[in-house]
There are 2 protein chains.
Amino acid sequence: MSSQQQFESVEKILSKLPPEDHQQIRNVLYGTHTTQLHLPDAETKARDYDLELVSCRFDSAQEQLRAPRVVRVGIFQNKLPLPPNSPIKDQRNALFKLAEKAIDTAATGGVNVFCLQEAWNMPFAFCTREKYPWCEYAESAEDGPTTAFLKELARRYNMVIISPILERDDVHGHTIWNTAVVIDNYGDYLGKHRKNHIPRVGDFNESTYYVEGNTGHPVFQTEFGKIGVNICYGRHHPLNWLMFGVNGAEIVFNPSATVGTLSEPLWGIEARNAAIANSYFTCAINRVGTEVFETEFTSGDGKPAHKDFGYFYGASYIAAPDGSRSTGLSRTRTGLLIAELDLNLCRQIRDHWNFQMTQRLDMYAESLSKAIKPDFVPQIIHKN
Amino acid sequence: MSSQQQFESVEKILSKLPPEDHQQIRNVLYGTHTTQLHLPDAETKARDYDLELVSCRFDSAQEQLRAPRVVRVGIFQNKLPLPPNSPIKDQRNALFKLAEKAIDTAATGGVNVFCLQEAWNMPFAFCTREKYPWCEYAESAEDGPTTAFLKELARRYNMVIISPILERDDVHGHTIWNTAVVIDNYGDYLGKHRKNHIPRVGDFNESTYYVEGNTGHPVFQTEFGKIGVNICYGRHHPLNWLMFGVNGAEIVFNPSATVGTLSEPLWGIEARNAAIANSYFTCAINRVGTEVFETEFTSGDGKPAHKDFGYFYGASYIAAPDGSRSTGLSRTRTGLLIAELDLNLCRQIRDHWNFQMTQRLDMYAESLSKAIKPDFVPQIIHKN
């Protein structure tokens with residue numbers, strides 16, 4: 001199905017309601033009122049580059065001892081600029097060019113921390129189960145061509161950039177990982193995180209290409225706050241979100257690639273629930289559009305072979321620790337979402353709700369230690 | 001604010017949209033299409049009793065080796081029939097009468113498992129910080145008057161009944177607990193669960209009355225499936241939900257009492273996220289209406305003393321493991337939601353998404369065991 005046949009967004013439909021109705025259910029469905037940012041120059045650029053631009057400001061309270069720690073975050077969702085089977089260098093260069101436009105627009109909009117979508121510099125080809133040419137996209141996290149390209153932009157724009165790529169680890173058996181690289185605002189490599197939870201769902205048995213990450217739950221201390229990256233399928237795992245919070249994350253990015261009728265109702269729920277449960281900001285990023293491959297493949301779902309695995313529905317959004325969320329990017333266009341947020345809100349909400357104080361991690365550390373044993377006996381109450 | 005000034009429901013507003021728009025965003029916001037049940041006799045009873053009645057059927061797939069395990073669940077949200085400061089026996093008897101109407105209606109609608117709201121047999125008086133008369137509502141879980149009353153109904157209607165009450169534990173220092181009592185469909189006491197996570201949020205510092213539960217995460221084996229009860233504030237804690245799943249729950253009830261603009265945007269997210277993450281059904285139940293007390297109290301929010309602590313917005317709903325959810329009960333009326341579900345869907349969704357197979361509990365058991373130590377060092381990546 002093409003983007004033309006897709007509806008644009010939930011928010012666009014909701015805006016057709018009478019104003020009072022719209023306001024009332026928007027309060028329930030989107031939480032605390034957010035405002036748009038005034039970004040005329042970024043809007044001009046976005047128009048020139050044919051990018052959708054959505055913006056949002058989350059409120060926070062003034063404190064006496066801490067100044068606000070206001071940060072602008074940019075998240076980018078995009079279609080492939082070329083067909084999936086285009087030569088690798090052409091595809092990658094076209095994606096570089098597109099990312100540069102997005103990052104330039106983000107810089108004009110004052111963005112401090114920018115995150116691309118999962119495996120952003122390639123087609124999301126794991127449905128094909130073909131190793132070549134796709135494995136050729138894999139590169140060194142530290143000094144591959146993609147990292148080199150983004151280092152230059154990070155330095156130029158004084159921006160932290162998160163770059164989710166396919167990583168080739170030459171030191172350890174030339175293995176491949178699904179990895180997010182973090183580049184700081186001086187253009188230096190800060191570190192990486194490897195996807196913790198690997199899907200084996202329908203088209204997405206990604207363990208054909210890479211397995212469960214071995215980098216724990218790192219939180220990257222940047223000049224613009226402590227950030228973590230929960231890659232794609234990790235959003236279904238509350239413990240993955242939790243550990244980034246335990247390690248001190250204030251913003252957790254969730255670069256993803258997801259399609260279809262089964263995952264879309266989950267999309268607005270999971271990253272937002274994580275923001276609530278862990279009192280941090282979450283940024284959910286999805287691809288957009290359909291990627292049609294040259295060779296057909298099957299999907300283990302009883303259906304005939306086909307050449308695409310569904311429509312990436314975009315709808316990237318940002319959620320705040322108080323449970324409110326931004327308007328999403330559309331379901332149909334390449335676009336940039338810029339949000340202004342005060343990191344102080346995280347601790348304010350922790351103090352308000354007390355979730356961390358009341359979460360009884362000691363009890364769960366013990367419960368889980370028992371649950372993983374082969375002779376674990378679940379706590380089931382039977383009738384005497 | 002009275003019920004008259006409140007808007008009825010999100011769904012009612014959405015239904016004003018043009019049909020195609022409505023269908024499209026309903027698919028995203030509510031997931032897989034659900035249908036209403038045909039319950040003419042229950043509808044007649046509900047009308048006679050002045051109860052709202054909402055119904056819903058969740059779909060599942062046919063299997064070759066297992067017959068469908070179809071269960072009807074009923075959840076009940078209600079206003080207080082008398083003012084909060086009415087004599088205890090009057091209030092309790094009026095609530096008994098109301099519950100009997102709801103259970104009678106549920107039985108007519110074929111309900112097998114029925115759950116009442118949190119502390120259902122009393123006003124939600126914990127905001128007052130007064131011990132009397134409220135502590136007098138506490139009673140034995142095993143054989144107090146409320147359990148005795150419901151045992152009779154459970155037997156009469158062949159129905160499992162979950163009864164969240166204030167428990168008085170005479171054996172252990174006459175302590176008070178926030179407890180859910182489970183009565184089986186023969187009218188026998190099956191067991192109890194004590195609320196694991198206790199809020200200290202604004203008006204709700206419930207630890208004035210009771211502390212963190214000591215009953216673990218029991219799952220009750222009934223004739224109609226394995227059920228758990230996550231009481232109120234426990235819905236904010238993903239690990240609480242998780243452990244009921246680890247112990248095998250197929251339906252987890254969340255009897256709650258929550259008000260206000262800060263919690264309402266969270267309401268539709270949390271129990272639904274739990275259904276997704278744990279591949280079970282969740283049933284979220286909230287009170288409805290305003291409870292105005294005779295003595296004023298303050299709420300630690302810088303505002304003057306007042307006699308009510310806000311509007312319980314109802315909106316009880318049921319979510320399925322595939323992330324779909326029912327229409328909610330209204331924000332304004334006492335009502336009963338009946339859902340028909342096939343417990344087989346839990347394992348079908350587990351097999352589809354593989355969340356349990358990929359959740360790496362061993363890693364998290366170790367991570368949490370480290371995180372609880374006083375000398376824990378978070379995994380933070382600094383620049384070299």
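This briefing goes over the interface, the internal spaces and a few backbone oddities of the two-chain structure above. It's a predicted model, so local features need pLDDT of at least 70 and side-chain atom pairs count only at pLDDT 80 or more, while totals for chains, interfaces and linings use all residues. Residues are numbered from 1 along each chain as its sequence is written, chains are lettered from A in the order in which they are written, and side-chain values use heavy atoms, with hydrogens and water left out.

**The interface of chains A and B**

- Counting contact as heavy atoms within 4.5 Å, 81 residues of chain B touch 81 residues of chain A.
- The size of an interface is often given as the accessible area lost when the parts come together.
- Here the two chains bury about 7700 Å² between them, 69% of it on carbon and sulfur atoms; that's accessible area (1.4 Å probe) lost on putting the two parts together, summed over both.
- B:Trp353, B:Tyr364 and B:Gln379 chip in 9% of the area that chain B buries against chain A, more than any other three residues.
- There are 6 salt bridges across the interface, a salt bridge being a side-chain nitrogen of Lys or Arg within 4 Å of a carboxyl oxygen of Asp or Glu.
- A:Lys383 pairs up with B:Asp188 in a salt bridge, with the closest N and O atoms 2.7 Å apart.
- Polar contacts link 42 residue pairs across the interface, both partners at pLDDT 80 or more; the rule wants N or O atoms within 3.5 Å, one able to donate a hydrogen and the other to accept it, and residues adjacent in sequence count only if both atoms are side-chain atoms.
- On the side of chain B that touches chain A, α7(B) has the largest share, 12 residues; helices (H or I, at least four residues) and strands (E, at least two) are DSSP runs, numbered from the N terminus.
- That side of chain B splits into 41 nonpolar, 26 polar and 14 charged residues, where Ala, Val, Leu, Ile, Met, Phe, Trp, Tyr, Cys and Pro count as nonpolar, Asp, Glu, Lys and Arg as charged, and the others, Gly among them, as polar.

**Cavities and a pocket**

- On a 1 Å grid over the protein atoms alone, a cavity is a set of points where a 1.4 Å probe fits but cannot get out, while a pocket is an open set with protein on both sides within 12 Å along at least five of seven lines; lining residues have an atom within 4 Å of a point.
- Points are joined across faces, edges and corners, and a volume is the space filled by probe spheres set on them.
- The structure has 5 cavities of 30 Å³ or more, and the largest comes to about 600 Å³.
- Of the 37 residues lining the largest cavity, A:Leu29, A:Arg272, B:Leu29, B:Ile269 and B:Arg272 lie nearest its centre.
- α1 (10–14), α2 (19–30) and α7 (260–278) of both chain A and chain B each give two or more residues to that lining.
- By class, the lining of the largest cavity has 21 nonpolar, 6 polar and 10 charged residues.
- The second largest pocket holds about 1200 Å³, and its 42 lining residues include B:Val259, B:Gly260, B:Thr261, B:Leu262 and B:Ser263 closest to the centre.
- α7(B) gives the most to this pocket's lining, with 6 residues.
- The pocket lining is made up of 16 nonpolar, 18 polar and 8 charged residues.

**Backbone oddities**

- The peptide bond from A:Tyr132 to A:Pro133 is cis, with omega near 10°, and A:Pro133 sits in the loop between β3 (113–115) and α5 (145–157) of chain A.
- In chain B, a cis peptide bond joins B:Tyr132 and B:Pro133, with omega about 10°.
- A:His174 isn't a glycine, yet has a positive phi of about 55°; this residue lies in the loop between β4 (160–169) and β5 (175–183) of chain A.
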